[in-house]
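Biologist: Let us walk through this structure together. Keep the answers short, please.

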Amino acid sequence: MSPQMKIRHTQHYAYDQLVTFGLQEIRLYPAFHCATPVYDYALTVSQSTSRIRWSTDTCNNRVAMVQLPDPGDEFQVTVEFTTSIAPTRSECFEQDQVASYPFEYQFRKDLAPYLEPDESGSLLREFASQGNIPEHSLEVLAWVLDKQQKILRHETRLADNFQNCETTLKRGLGTTTDWTWLFVQTMRKLGFAARFAAGYQIDLESPGKGYDEVQYRLWSEVFLGGVGWIGVDPTQARQTDENYLPLAVGPHPDRVAALSGTRSKAVVSASESLQIYRMKDTPTVPERYIRGLPLPTIERPLAEYYGEE
């Protein structure tokens, strides 16, 4: 038996005057490679006259394209869905599945957006090259994660942006986003294709808390030849599992933003709410989900979500 969880995520924006809205893009739909089942997905926005059209972007993320014809002094997005956190099959890779290091990707041109580092500072170069680099790709991942754990401490900082690698390495402090940015840039320096992933992390009865918890956050994914994209959480130095629900992936954090779009000028006040609670009736999870196969996870017809009549 796996617990069935109800999740509600609300983002609210209040403006000090009426604003007109351009096209809004919302990336809060489970990614195609999300292996955790999602049921009864619903996305709503505050304006009753809005029109929602579903599309995909160049990173193959599902995107809700929202048109808001009327001016307003607020905008709210709410996502609700049910999910079952079932143990998935652990990914155990054989030595001959993954290339030794260093290596060359077979389809390097296809991975080009994820190979070029965005920074070239001296501290980053030193961090990426210092020490004895392992001779196996998986061991290189673990080696970089271990280095970050040894020199960095986590901080909570109220900021819309991330700090660059030089600042993170100099301070020895960083937010989850800072840690992920440093990890991706380091992996690219070492020749790996690496990208950003945004989504939900669900902790069932978190240790020391005694209650379920959900966070919307950033982590990374690294492409390994013979295996594909694997999720890596730099702040927790672990591979992602069924508790991580990816919503969007991209070569830069801006490409995985939950909400992007244009509007007329105004002072904005933003707030966010994330709620999780257990359903009373907890059915057994279907066998195909227990296996952790990347099958389509939406139980209701997709036409209902893509606005098709």
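Modeller: One term comes before the rest: a residue is buried when its relative accessible area is under 20%. Keep in mind that this is a predicted model.

Biologist: Which residues of H4 are buried?

Modeller: H4 covers residues 176–189. Twelve of its 14 residues are buried, so H4 is largely enclosed by the rest of the structure. The buried residues are Thr176, Asp178, Trp179, Thr180, Trp181, Leu182, Phe183, Val184, Gln185, Thr186, Met187 and Arg188.

Biologist: How far does H4 reach from its first C-alpha to its last?

Modeller: H4 has 14 residues. At 1.5 Å a residue, 20 Å is expected. The reach in the model is close to that, at 20 Å.

Biologist: Which residue with a positive phi follows H4?

Modeller: Look just past the helix. The phi there is near 95°. The residue is Gly191.

Biologist: Is H2 parallel or oblique to H4?

Modeller: H2 spans residues 137–151, and its axis comes within 11 Å of the axis of H4. The two axes cross at roughly 140°. Angles over 145 degrees would count as roughly antiparallel, so this crossing falls short of that. That makes H2, relative to H4, oblique.

Biologist: Which residues of H4 make the contact with H2?

Modeller: H2 passes H4 in a right-handed crossing. H2 brings Val140, Leu141, Val144, Leu145, Gln148 and Gln149 to the contact. From H4 come Trp179, Leu182, Phe183, Thr186 and Met187.

Biologist: What covers the buried residues of H2?

Modeller: The buried residues of H2 include Val140, Leu141, Val144, Leu145 and Gln148. Ser137, Trp143 and Lys147 are buried too. Their cover includes helix H1, H4, S10, strand S11 and strand S12.

Biologist: Now to S10. Is Glu221 buried or exposed?

Modeller: Glu221 sits in strand S10, residues 213–224. Its relative accessible area is 4%. The cut-off is under 20%, so Glu221 counts as buried.

Biologist: Which side chains make polar contacts with the side chain of Glu221?

Modeller: Leave aside the neighbours within four places in sequence, and Glu221 is in contact with residues including Ala193, Ala194, Trp229 and Val249. One polar contact of its side chain has a distance of 2.8 Å, and the side chain it joins is that of His33. Another is 2.7 Å, and the partner is the side chain of Arg195. The names asked for are His33 and Arg195.

Technical notes
Residues are numbered from 1 along each chain as its sequence is written. This is a predicted model: local features need pLDDT of at least 70, side-chain atom pairs count only at pLDDT 80 or more; totals for chains, interfaces and linings use all residues. Side-chain values use heavy atoms; hydrogens and water are left out. Helices (H or I, at least four residues) and strands (E, at least two) are DSSP runs, numbered from the N terminus. The expected span of a helix is 1.5 Å times one less than its number of residues. Buried means under 20% relative accessible area, exposed over 50%, partly exposed in between (1.4 Å probe, protein chains only). A polar contact is a pair of N or O atoms within 3.5 Å; within protein, one must be able to donate a hydrogen and the other to accept it, and residues adjacent in sequence count only if both atoms are side-chain atoms. Contact means heavy atoms within 4.5 Å. Axes are lines fitted to C-alpha atoms, for helices over the stretch in contact, and angles run from 0 to 180 degrees between N-to-C directions. Angles under 35 degrees count as roughly parallel, over 145 as roughly antiparallel, 65 to 115 as roughly perpendicular and the rest as oblique. A crossing is left-handed if the near helix is turned anticlockwise from the far one by less than a right angle, and right-handed if clockwise.
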